[in-house]
Amino acid sequence: KANNSPYASEKFNLYIKGYELYPNDSRFKEGVASSAVNILNLARKYHGQGNFDTAINYYNRILTAPTVPYKIIGEANMGIGLANKKILYTGDNIYIQTTKYNLSINEMLSKQMALGKNYVDSEAYPRTDLLIYADLSKPKDKYGWYAASAEGTLYHLNPANFMDNDAIYQFLVLSVSTGILEKDLNNLLINQGILESKGAAFAMASQLHSINELYLISHAKLETGNGSSTLANGAYIDANFRLVNDKGFFINSKGALLGGKTEKEYKKVYNMFGIGAVDSDALRSGAERAYKEGWFTPEKAIIGGAKFIAEGYVHHQSYKQDTLYKMRWNPANPATHQYATDIGWAVKQARIFADLYKKCTSYTLIFDIPQFN
């Protein structure tokens with residue numbers, strides 16, 4: 001009956017029903033895959049005509065169906081991302097939109113430089129690790145960072161300075177997956193320490209939390225030193241949140257024995273995005289957060305960390321910080337809810353991001369460029 005149906009929706013539904021009844025019959029799995037392509041084409045037809053709600057309905061039918069190939073799911077996710085932003089589907093692989101903010105670049109700058117009475121007192125004050133952007137009238141902080149100068153901060157705030165190089169990827173929309181296959185993700189993770197062969201976890205994290213998997217990889221690479229950090233490779237911590245070694249003896253953040261042995265349960269935890277790791281006590285605080293979240297495998301750390309980033313920033317109900325630029329600078333509400341204090345954070349992430357895309361062959365890019373008064 002599914003084979004003979006002339007209607008794309010009926011054919012799709014019948015193959016799904018058959019698959020649910022007979023999951024071991026490969027004909028139904030193949031039928032779902034082939035008819036999902038027809039549903040995708042229908043969605044794109046309505047999408048190209050500006051019927052966004054109808055298109056989204058068809059895209060969602062793909063996302064809620066069983067056994068649809070990951071590549072098609074990625075295409076549907078991308079379609080929803082465009083439709084939600086009221087961008088017409090054209091078949092191109094690059095889409096550019098702009099978002100207008102009712103303030104000037106100088107007003108943005110003033111809000112950034114007003115974070116705290118002075119550099120030493122404010123953890124949120126703009127910082128830099130590069131001398132060229134430093135305010136040398138202020139001392140380095142206790143972690144070795146310079147206070148960022150107003151000129152350096154203004155340079156990084158201005159989108160016009162990043163239109164013609166890899167840094168443009170800081171404006172890439174992060175709220176949709178790319179649909180890149182697991183094996184291709186694994187190719188990007190070769191020689192990346194603990195991250196190697198974790199393509200399936202990044203793909204699952206992307207699918208579950210509607211977030212670009214290449215962004216997740218670039219973020220993890222930056223935070224873990226390409227998969228080499230102690231926190232990423234696993235740290236032992238007990239139920240009182242004290243660092244221990246694999247035998248339960250207390251240690252400091254450098255692994256030196258402190259004396260004594262824990263009487264509490266202790267576990268090995270992983271943290272791939274540095275979530276909860278404060279500069280003053282990064283290993284212990286990052287391990288504590290991982291323990292509380294239940295990140296007891298690298299895969300759980302990847303998927304759980306993606307959930308934190310998605311809910312806390314990319315899909316946040318109030319902020320919708322769905323680009324690196326928005327995560328760093330939050331132009332909708334400047335100087336609040338910012339992911340990092342480093343003025344170069346978004347640019348650094350973007351360059352890793354761009355390099356990953358250059359190693360892929362098929363993808364769609366959606367850029368959202370901010371415009372100021």
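**Notebook: Lys221 and Ser177**

I started with Lys221 and found it in helix α9, which covers residues 213-224. I noted that the model is predicted.

Next I looked at the charge of Lys221. Does Lys221 have a salt bridge, or no salt bridge? I found none, although Lys221 is buried. The nearest side chain of opposite charge belongs to Asp355, and I read a distance of 6.2 Å. A salt bridge needs the two charged groups within 4 Å, so Asp355 does not qualify.

Then I asked which side chain Lys221 joins in a polar contact. I found Gln192, at 2.8 Å. Gln192 also turned up when I listed the contacts of Lys221, leaving aside neighbours within four places in sequence. The others on that list are Leu195, Asn226 and Ile352.

I checked the record for this stretch. An unreviewed UniProt entry places "domain: Mannosyl-glycoprotein endo-beta-N-acetylglucosamidase-like" at residues 187-364. Over residues 187-364, I read 44% helix and 10% strand. The end C-alpha atoms of that stretch are 19 Å apart.

My second residue was Ser177. I located Ser177 in the loop between α6 (150-157) and α7 (182-188). Is Ser177 buried or exposed? Its relative accessibility is 1%, so I wrote down buried.

I then looked for a polar partner. The side chain of Ser177 makes a polar contact with the side chain of Asn77, at 3.3 Å. I also listed the contacts of Ser177, again without neighbours within four places in sequence. Among them are Tyr70, Gly74, Asn77 and Met78. Ser206, Ile211, Asn212 and Glu213 are on the list too.

Methods:
Residues numbered from 1 in each chain as written. Predicted model: local features only at pLDDT ≥ 70, side-chain atom pairs only at ≥ 80, totals over all residues. Heavy atoms only, no water. Helix = DSSP H or I, 4+ residues; strand = E, 2+ residues; numbered from the N terminus. Buried < 20%, exposed > 50% of the residue type's maximum accessible area, 1.4 Å probe, protein only. Lys, Arg positive; Asp, Glu negative; His and termini not counted. Polar contact = N/O pair within 3.5 Å; in protein donor to acceptor, adjacent residues only side chain to side chain. Contact = heavy atoms within 4.5 Å. UniProt positions renumbered as here; feature names shortened; annotations may be inferred.
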